[in-house]
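Here's a quick briefing to read with the model open beside you. Lead sentences come first, then bullets by topic.

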Amino acid sequence: MSSSTQPTWVPPDVSATRIDHFRRKIADKYSVHLEDYWQLWKWSVENVGPFWEEVWDECGIVGDRGPQGAAVTSTEPLYPPPQWFPGSSVNFAENILRNCHDPTLANKAAVITCYEPSFSPSTPNDLRSLDFHRSSLTHPEFYTEVARSAAAFRSLGVKQGDVLSAYSSNNGPSLIALLAASAIGAVWCSISSDSSPEAVLDRFSTVRPRWIVSVEDVRYNGKKWGHVEKLKEVLRRLEAERKEGERPVEGVIVARGPSGETSLDWQGDGAKQYSQHGEKWMSWESFQALGNAAAGKKIAFERMDFNAPLWILFSSGTTGKPKAIVHRAGGMLLQLAKEHLLHSGLDKSDVLFQYSTLSWMMSPWSLSSLIAGSTLILYDGSPLSPSPLNLFELARREKITVLGASAAYLEILMKKGVRPREEVWEAVGEKCSLKQMLSTGSSLRAEVYHWVKERVGDVLVGSITGGTDICSLFAGNNVSLPVYAGEIQCPMLGMHVAIASSTSTEGAMKIQPLPPLATTSPANGNGAQKEEDLRAEEDGEGELVCLSPFPAQPIYFYGEDPAPASSSVQGGGRYHSSYYALFGPSVWAHGDWCHWSPRGGLLMKGRSDAVLNPGGVRFGSSEIYEVVGALATSGEEPFSRILGWIALALNHPSPGGGEVVVLILQLDTSSSEAESKGGDSSSPSSSLLSTLTPLLSQALRTKRSPRHVPHFITLSTSPPPRTINGKLAEVPAKRVLNSSPGSGVEKRLNTSTLEGGAQGGWIWEYAEIGERLRGELKREEGEREREREREREREEKSKRGK
């Protein structure tokens, strides 16, 4: 990913932002010189205890923070994860709902639920006729719904520590159930309704939920999809695979789909017909009726220790059984409050919408915006059907100020050539309401920043990075800093982000300091080193790491051994190996490959386990994607024929041969097929590839370097594999490429986490591609060996001639 020297957005008034007010407050209180954000960041990572105590106060956290305060220092190791705020008591839901009794918000919507829209039959293709099947709850109504659900769960015997779950759509009942679970101290987890029963089993079999909230049907790509049969299959398998001593599922609560209608029989004993193994079935309405007595009353929030579990998020599981990552209530509350209130600067006037599913961390991340008293938009369905402008029309109607989506979605819009400002807002004589557009899931190319500025407006484009592991951000948006195309603006406050790589010296590492603070020295991890003692890499790339403790560190993986009490004690299993094995207990290694920009922004290069390393030179796949993507979206022939692409490392079959880069393309050959009927005997795809290969090679050589030119550029008829969250699945694709056809590699992949599951045609194709290209490498090696033999013969003849 490249960046530009001129900002695409600048804050209109830095001093008016809450985060800059916080900087001045800290400077005054602690009598320190904090000239700008970068110095505030430095103070925050050098003084983690005082910093997080100040965040508690600044964000107005409701609860008791205990007699010792944060009780964590910057020099403590990150593993085992420190226990924050000992003796504290706090409740996540109590804080999220704290604005519901604000009289100024009595008539303002807290939550608006929308579904994939449809055009009015009388005015097809008219954005103004889209019906989003909208419903809403004011702040007082929303509080009442949570109160009824919390009381209902209590009436069913649910208590602190019990696991509750959703296998559902991104709708109101799922959100209400989450907050109700938090209110009574239960632990929440959720999986999207588009996940297969197999994917659900991989996760729910680990956590064994007591109750499951679900939905009758969903709408996607213009079709209604029944969900009840998938739910029944999950229940059947959970019971069939239940081991002795494991809790059975007690029941399911089924909400209505987008139409608001029901086809299930809930009258009398009708619900019993759906039961698989004696579990209870009830409608959402029947469930809430159990808590009717709580309507109009204050919720009896179960305040718990700061470090008590709040929710479980599941890793993608593309290379093994998904990790059930347990996040602490206080850590999530404090971290997400900081991100929404300080970095995003949200307040009661804001309306936030993040396109997400229940399987993605962005779902709980976005609901936490309610702590600001803002309005939250929920949406379920395709963002592109029936129009690619769906979400922008929704933004216009609901006066959305912060819109978040995946980088892949924004790339699609740019390639389609849509003009949201003109086609949505200006078409009806309105001004665009958006202030920020957030992007996550993968790197956001610099061209997309410029497209947003040109086609959407003067908005902060906030590329953000963090993930499921911390359910928050390491680096992201900041309303007090300018935006540069291709860059994530900054490391977040309190997150001691650095870029590190291994060295030949045992126990040491190289680190690239934050450029605006290159001469300063925040504490490094366990206090053994400071940044001034570490050898800086000039313009170096490396692992994204965190060097100081932070409260959003997960506490353990559910169902696995918790972390030991001391870093000197062995244990922790997958939890330890996932984050702390690379550099030791004082460094969190996140698995991303990146480097700093001169201004302190982050440029993401890809996952470190998918980094390309031809000839011993490492670089991220995004450096190839940026060039290919820019050409594919340029509208120029033949590049516009490129539909998809993925760059992978192919291991050389010869010992010590290293690896070569393979660029696999999916092409649109429809027009070429029509042209080929004129008598061209070559296949349209091979002909188009022959045209594209030298052009792409030259572009990569010119815009990057000769090392970026793939050894092979080849074709696949299948789209590049992606996870169910839309990310390129490079690691499993690399495994397949380096396997043999018929080796059963698909059985070693968790295909339920991928789009298309085990039906993905790419698996067979990529294995075939790998086999064919390894043959090519062997032939190349054989030819080189023959050339070396000929050279030796020439040398012998020359010696004999003398």
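Leu602 touches Ala475, Gly486, Glu487, Ile488, Val497, Ile499, Leu544, Cys594, His595 and Trp596, leaving aside residues up to four places away in sequence; contact here means heavy atoms within 4.5 Å. Keep in mind that this is a predicted model, where local features need pLDDT of at least 70 and side-chain atom pairs count only at pLDDT 80 or more, while totals for chains, interfaces and linings use all residues. Residues are numbered from 1 along each chain as its sequence is written, and side-chain values use heavy atoms, with hydrogens and water left out.

**Cores and domains**

- Leu602 is also one of the residues that touch the most other members of the largest nonpolar core, together with Phe142, Leu179, Trp311, Phe392 and Leu434; that core has 165 residues.
- This core takes at least three residues from each of domain 1 and domain 2.
- A second, separate core has 47 residues, including Leu612, Leu650, Trp762 and Ile763.
- A nonpolar core here is a set of buried Ala, Val, Leu, Ile, Met, Phe, Trp, Tyr and Cys residues joined through side-chain atoms within 4.5 Å. Buried means under 20% relative accessible area, exposed means over 50%, and partly exposed is in between (1.4 Å probe, protein chains only).
- The protein chain splits into domain 1 (1-105 + 143-236 + 250-376 + 464-495 + 549-557), domain 2 (383-461) and domain 3 (611-670 + 683-790); the bounds come from an automatic or database domain assignment.
- The C-alpha centres of domain 1 and domain 3 sit 37 Å apart.

**A three-stranded sheet and its helices**

- E32, E33 and E34 line up in that order in an open sheet with mixed pairing. Strands pair if DSSP finds at least two bridges between them; helices (H or I, at least four residues) and strands (E, at least two) are DSSP runs numbered from the N terminus.
- Strands E32 (642-651) and E34 (712-715) are the edges, each pairing on one side only.
- On average, neighbouring strands of this sheet are turned by 25 degrees against each other, direction ignored. Axes are lines fitted to C-alpha atoms, for helices over the stretch in contact, and angles run from 0 to 180 degrees between N-to-C directions.
- E33 (residues 659-667) pairs with E34 in the parallel sense over four bridges, and Ile664 stands opposite Thr714 in E34.
- Helix H17 (residues 622-632) packs on the sheet, where it touches E32 and E33, and its direction makes about 160 degrees with that of E32.
- Helix H19 (residues 684-703) lies across E32, E33 and E34, at about 150 degrees to E34.

**A buried arginine**

- Arg445 is in the loop between strand E18 (436-440) and helix H15 (446-455), and it counts as buried because its relative accessibility is 5%.
- A polar atom of the Arg445 side chain lies 3.3 Å from the backbone oxygen of Gly629.
- The Arg445 side chain also makes a polar contact with the side chain of Thr633, at 3.4 Å. A polar contact is a pair of N or O atoms within 3.5 Å; within protein, one must be able to donate a hydrogen and the other to accept it, and residues adjacent in sequence count only if both atoms are side-chain atoms.

**Backbone oddities**

- Most residues other than glycine have a negative phi, and most peptide bonds are trans.
- Tyr79 and Pro80 are joined by a cis peptide bond, with omega about -5 degrees.
- The Glu637 to Pro638 bond is cis as well, with omega near 0 degrees, and Pro638 is in the loop between H17 and E32.
- Ala71 has a positive phi of about 60 degrees and counts as partly exposed at 37% relative accessibility.
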